[in-house]
Amino acid sequence: MEHPSAGSSAAPVLLSAHRCGAGGDPALENTRPALERALAMGVDYVEFDVHRCGDGELVLFHDDWLWIGGERHWIRTVGVDMLTAQSEHFLRYEEALAILAGRGRAHLDLKFASPGGVAEVAAVGRAVEMLGVENLVVTTLDDRSVRAVRNWADEQGLRLLVGLSLGRGVRGLPWRVQARIRLSEVRPRMRYRASRANVMVVNHALARLGVAALARRWGLPLLVWTIDTERSLEYWLRPGRAWMVTTNRPELALAVRERQNRRLRGLRSAPGRRRRTPRAGSGNMRA
């Protein structure tokens with residue numbers, strides 16, 4: 001697989017349909033109808049959240065808990081049958097991979113962690129088996145999960161894209177903890193070295209605070225989430241700004257990208273214009 005360039009100004013920015021491209025409708029997040037719709041639109045990647053139930057089953061679900069019968073239950077404690085009863089469009093992980101096989105590329109956002117990263121490696125291994133490593137990017141908030149998956153990929157001789165996500169929610173945490181987390185995200189050098197992440201995955205606000213510049217300096221592909229307004233899409237979809245953008249509005253994003261591509265084609269065909277190509281990043285992590 002050809003590794004994506006961190007600094008190419010020619011390649012179009014790729015699009016990842018957030019939560020299967022549900023478009024902000026909670027009832028459609030991580031469901032079969034949203035996944036089928038995203039594939040029909042022709043997005044570059046379909047992003048979905050992967051949780052691990054108490055019975056070990058992997059499912060498409062975002063939150064750490066859900067309400068059942070007026071009570072809150074942690075996903076890690078319930079069986080897959082309890083989840084299935086909550087939605088007619090509910091998807092198991094294996095079902096999602098089967099739908100994508102031969103039709104699209106997957107952006108897996110792992111929402112669970114296990115001792116030694118054993119369960120994460122198993123989940124990613126299954127995705128590689130069904131989709132191919134060239135059709136996969138893996139992201140997670142957990143540093144140790146990233147390292148476990150990266151180490152496994154190296155052992156298998158796979159050039160797998162694995163990103164450590166920056167920008168976790170901190171609401172409700174003590175302010176000292178909030179400050180420590182945000183500092184580790186604005187200055188993530190040690191975390192990226194320790195986790196061995198080879199994709200910079202960052203919330204759009206943090207990206208504008210200098211993390212995007214770090215990705216370019218370190219030669220890492222930049223994945224920015226979650227971009228939904230037309231103005232922000234115009235900014236981040238300009239070639240060279242990012243490698244990939246995750247969005248809740250894939251239809252709008254596709255339209256914005258196509259408009260930009262037409263504009264660029266017009267500039268390239270105009271006589272007397274010369275394009276400057278920036279030098280690619282060196283690929284190291286010197287701060």
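Arg196 is partly exposed in this predicted model, with a relative accessible area of 24%. That value falls between the limits of 20% and 50%, so Arg196 counts as neither buried nor exposed. The residue is placed in the loop between α7 (189-195) and β9. Its backbone is marked by a phi near 65°, a positive value in a residue other than glycine.

A second arginine with a positive phi is Arg19, where the angle is near 50°. Arg19 is found in the loop between β1 (14-17) and α1 (32-41). Its relative accessibility is 17%, under the 20% limit, and Arg19 therefore counts as buried. Most residues other than glycine have a negative phi, and most peptide bonds are trans. The peptide bond from Trp225 to Thr226 is cis, with omega near -25°. Thr226 belongs to the loop that runs between β10 and α9 (230-236).

The chain as a whole contains 10 helices and 11 strands. Its radius of gyration is 19 Å, close to the 19 Å given by the globule rule for 287 residues, so the chain is as compact as a globular protein of that length. Along the principal axes, the C-alpha atoms fill a box of roughly 65 × 40 × 40 Å. Of the 287 residues, 46% count as buried.

Strand β1 precedes the loop that holds Arg19. In a regular strand the side chains alternate between the two faces of the sheet. In β1 both faces are covered: Leu14 and Ser16 are buried on one side, and Leu15 and Ala17 are buried on the other. β1 runs parallel to strand β11 (residues 244-247), to which it is joined by 4 bridges, and Leu14 has Met244 of β11 as its bridge partner. β1 is also parallel to β2, with 2 bridges between them; here Ala17 is partnered by Val46.

Strand β2 (residues 45-52) in turn is joined to β6 in the parallel sense by 6 bridges. Within this pairing, Glu47 has His107 of β6 as its bridge partner. β6 (residues 105-110) is mostly covered, with 5 of its 6 residues buried. β6 also pairs with strand β7 (residues 136-140), again in parallel, over 5 bridges. Leu110 stands opposite Thr140 of β7. Together with helix α4 (residues 118-131), β6 and β7 make a right-handed β-α-β unit.

β6 and β7 also take part in the lining of the largest pocket. Rolling a probe the size of a water molecule over the atoms shows where empty space is left. The largest pocket holds about 950 Å³ of space. It is lined by 35 residues, of which His62, Lys111, Leu141, Arg168 and Gly169 are the closest to its centre. At least two lining residues are supplied by each of β5 (71-74), β6, β7, α5 (143-156), β9 (199-203) and β10 (222-225). The largest share, 3 residues, comes from β6, the strand that is paired with both β2 and β7. By residue class, the lining divides into 11 nonpolar, 12 polar and 12 charged residues.

How values were computed: Residues numbered from 1 in each chain as written. Predicted model: local features only at pLDDT ≥ 70, side-chain atom pairs only at ≥ 80, totals over all residues. Heavy atoms only, no water. Buried < 20%, exposed > 50% of the residue type's maximum accessible area, 1.4 Å probe, protein only. Pairing = 2+ DSSP bridges. Right-handed = clockwise from strand over helix to strand, strands pointing away. 1 Å grid on protein atoms, 1.4 Å probe; cavity = no way out; pocket = protein on both sides within 12 Å on 5 of 7 lines; lining within 4 Å. Points joined across faces, edges and corners; volume = space filled by probe spheres on them. Nonpolar A, V, L, I, M, F, W, Y, C, P; charged D, E, K, R; others polar. Rg over C-alpha atoms; globule rule 2.2 N^0.38 Å.
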